Amino acid sequence: MDTLKRITDVGIVAVVRAENTEEAIRISKACVEGGIPAIEVTYTVPGATEAIKALKETIPADQLIVGAGTVLDAATARIAILAGSEYIVSPGFDLETAKLCNKYAIPYMPGCMTITEMLTAMEAGCDIVKLFPGSAFGPSFVKGVKGPLPQANIMPTGGVSLDNIDQWIKNGVVACGAGGQLATGTSENITKTAKAFVARVKEVRAEMAAK
């Protein structure tokens, strides 16, 4: 629960895709420098396990919440957890992965596209479901889901940008996964973009609280 609270408090998960371990570590550290502690190292990165280990070893625990993304099965989830992953993210729902994560008290955020898939994931103990790909639906879809499922904690990934993150938040998401716009460019640019994302989330949440 502490991991989930830290993620939802900042409201942004940096989805890190890279061509090698070194690049993944560079992007991750730049995001952390910009105020985003929640890093999702995807298993499309060659050497993702080593990247997770390196981040755990070099960044203080109070500044980092590292997770593994694009986890397709329980075997990969176990490898990531042993490497230090604090949460597991998948593009789709996998029951065996859910069971494994429940066993080790590790949050599992599976990708879901329909209410049926979300219900299945929630019944399996998933506290946050990842709306994926978010670009296929848009922020208004979240509001539609929250009508019959107000208890659903939704985190969209794919299609989240500085231009629309306010709409995602206003429609009821607990956090957003951001990749393309956030995790590209020089380290300085990534840090600058990360700071802009964090500031925008705080701004929108403050506006909502004031109403």
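V89 stands opposite M109 in β5. Let's build outwards from that pair.

Before you start: this is a predicted model, where local features need pLDDT of at least 70, side-chain atom pairs count only at pLDDT 80 or more, and totals for chains, interfaces and linings use all residues. Residues are numbered from 1 along each chain as its sequence is written, and side-chain values use heavy atoms, with hydrogens and water left out.

**Exercise 1. Find the strands that pair with β5, and say whether they run parallel or antiparallel.**

Step 1. Get the elements straight: helices (H or I, at least four residues) and strands (E, at least two) are DSSP runs, numbered from the N terminus. β5 covers residues 108–112.

Step 2. Look for bridges, remembering that two strands pair if DSSP finds at least two bridges between them. Three bridges join β4 (residues 88–90) to β5, and these strands run parallel.

Step 3. Now try β6 (residues 129–131): two bridges link this strand to β5, again in the parallel sense. Here G111 sits opposite K130 of β6.

**Exercise 2. Trace the chain into and out of β5, and give the handedness of each crossover.**

Step 1. Use the rule: with the strands pointing away from you, a crossover is right-handed if the path from the first strand over the helix to the second runs clockwise.

Step 2. Going in, β4, helix α5 (residues 95–103) and β5 form a right-handed β-α-β unit.

Step 3. Going out, the chain passes from β5 through helix α6 (residues 115–123) to β6, and this β-α-β crossover is right-handed.

**Exercise 3. Decide how well β5 is covered, then find which residues of α5 are buried.**

Step 1. Set the cut-offs: buried means under 20% relative accessible area, exposed over 50%, and partly exposed in between (1.4 Å probe, protein chains only).

Step 2. In β5, five of five residues are buried. Y108, P110 and C112 are on one side, with M109 and G111 on the other.

Step 3. In α5, the buried residues are T97, A98, L100 and C101. They lie on the same side of α5 because they cover an arc of only 165 degrees around the axis (the arc is that of the directions from the helix axis to the C-beta atoms).

Step 4. What covers them includes α4 (74–83), β4 and β5, judged by contact (heavy atoms within 4.5 Å).

**Exercise 4. Which residues have the most contacts inside the largest nonpolar core?**

Step 1. A nonpolar core is a set of buried Ala, Val, Leu, Ile, Met, Phe, Trp, Tyr and Cys residues joined through side-chain atoms within 4.5 Å.

Step 2. The largest one has 62 residues, and I39, I88 and L182 have the most contacts inside it.

Step 3. Zoom in on I39: leaving aside neighbours within four places in sequence, its contacts include V16, L55, V66 and Y87.

Step 4. Don't miss the second, separate core of 12 residues, which includes I7, V13, A38 and I128.

**Exercise 5. Spot the unusual backbone at T70, A105 and the F132–P133 bond.**

Step 1. Know the background: most residues other than glycine have a negative phi, and most peptide bonds are trans.

Step 2. T70, in the loop between β3 and α4, has a positive phi of about 50 degrees. T70 is buried, because its relative accessible area is 18%.

Step 3. A105 lies in the loop between α5 and β5, with a positive phi of about 55 degrees. Its relative accessibility is 67%, so A105 counts as exposed.

Step 4. F132 and P133 are joined by a cis peptide bond, with omega about -10 degrees. P133 is in the loop between β6 and α7 (139–146).
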